[in-house]
Structures are given as structure tokens and as C-alpha cells.
Amino acid sequence: MKDNSGLSGEENKEKPLPPRKAVALKYSPEQGTAPVVVAKGQGAIAEEIVRKAKENGVPIQEDTSLVEVLSKLDLQQEIPPELYRLVAEILSFVYRTDRKAGLRSGGNDLLS
């Protein structure tokens, strides 16, 4: 029987997902005015960032749009003022997560 879909076998296949990306931020109010990018990567490096975050109890917030923007920043770079609102939402998530877990720490690490 002939396939009349108009697509070849290659076109019918699903495209592979792009490699996972991850960015880790650290915010220490006493050391700076804004969170700083402390790690970033894609593929295996991203998986390692996520694994280490989980091992160390660092809250993980998944937001692919924000990761795209943050991944363009340099390591040890503070996030720019135009990203404060988006990152504030993540910090709020971290604080709520810490409060639910009964944790209180001096610095907050977070992963996007």
C-alpha cells in the first residue's frame, strides 16, 4: 500500500529534542546587589549542574525562556536590571521551598 501523506519516512520522524540547558545562580545580599551566574552549560554539563544541585538540596526551577537569556551571560556576571523581575520570581520560589523544608541559609543558590 502506498503512503499518500506526502512525507517521506525521514520527514515523518520526530525531530530530536535540543540538548538540555542549565544555569545556576547564587545570591548573597551581603556580597552584591544581584544574583550572579555561577555555572552554565548544555547537554552533559547541564545534566551535571542539575545533578549537583539535587545532591546539595538546591531548589530547581525550570524555565526554558529564562535559561536561554541567562545562558548568554558570562560566569560570575551579575544579572542585569532588566532581568530582576524574572529572577525575583525564582528567588520567591526558592524562599518558599526553603520555608516549606524548614531551611534557613545565608546564601541562596538556585538553578534555572
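Biologist: What makes E62 count as exposed?

Modeller: In this predicted model, E62 has a relative accessibility of 61%, and because exposed means over 50%, E62 counts as exposed.

Biologist: And why does R20 count as partly exposed?

Modeller: The relative accessibility of R20 is 31%, a value that lies between the limits of 20% for buried and 50% for exposed, so R20 is placed in the class partly exposed.

Biologist: Why is the meeting of the side chains of R20 and E62 called a salt bridge?

Modeller: The rule asks for a side-chain nitrogen of Lys or Arg within 4 Å of a carboxyl oxygen of Asp or Glu, and for R20 and E62 the N to O distance is 3.3 Å, so the pair satisfies that limit. R20 sits in the loop between α1 (9–12) and β1, whereas E62 sits in the loop between α2 (44–55) and α3, and with 42 residues separating them the pair links distant parts of the chain. The two residues also belong, with E47, to a network of salt bridges.

Biologist: How do you know that K21 and E68 tie together parts that are apart in sequence?

Modeller: Their side chains meet in a salt bridge with an N to O distance of 2.9 Å. K21 lies in strand β1 and E68 in helix α3, so the pair ties together parts that are 47 residues apart in sequence. K21 has a relative accessible area of 30% and E68 one of 33%, and since partly exposed covers the range from 20% to 50%, K21 is partly exposed, as is E68.

Biologist: What separates E48 and R51 in helix α2?

Modeller: E48 and R51 are 3 residues apart in helix α2, which means that about one helical turn separates them. Their closest N and O atoms are 2.5 Å apart, which falls within the 4 Å limit, and the pair therefore forms a salt bridge. E48, at 32% relative accessibility, counts as partly exposed, and R51, at 37%, counts as partly exposed too.

Biologist: How many salt bridges does this rule give?

Modeller: The count comes to 6 salt bridges.

Biologist: Which residues touch the most other members of the largest nonpolar core?

Modeller: The largest nonpolar core has 15 residues, and V23, L25, L70, L73 and I79 touch the most other members. At least two residues of this core come from each of β1 (21–27), α3 (64–70) and α4 (84–101), and α4 supplies the largest share, 4 residues. Apart from it lies another core of 5 residues, including A24, A46, I49 and V50.

Terms used: Residues are numbered from 1 along each chain as its sequence is written. This is a predicted model: local features need pLDDT of at least 70, side-chain atom pairs count only at pLDDT 80 or more; totals for chains, interfaces and linings use all residues. Side-chain values use heavy atoms; hydrogens and water are left out. A nonpolar core is a set of buried Ala, Val, Leu, Ile, Met, Phe, Trp, Tyr and Cys residues joined through side-chain atoms within 4.5 Å. Buried means under 20% relative accessible area, exposed over 50%, partly exposed in between (1.4 Å probe, protein chains only).
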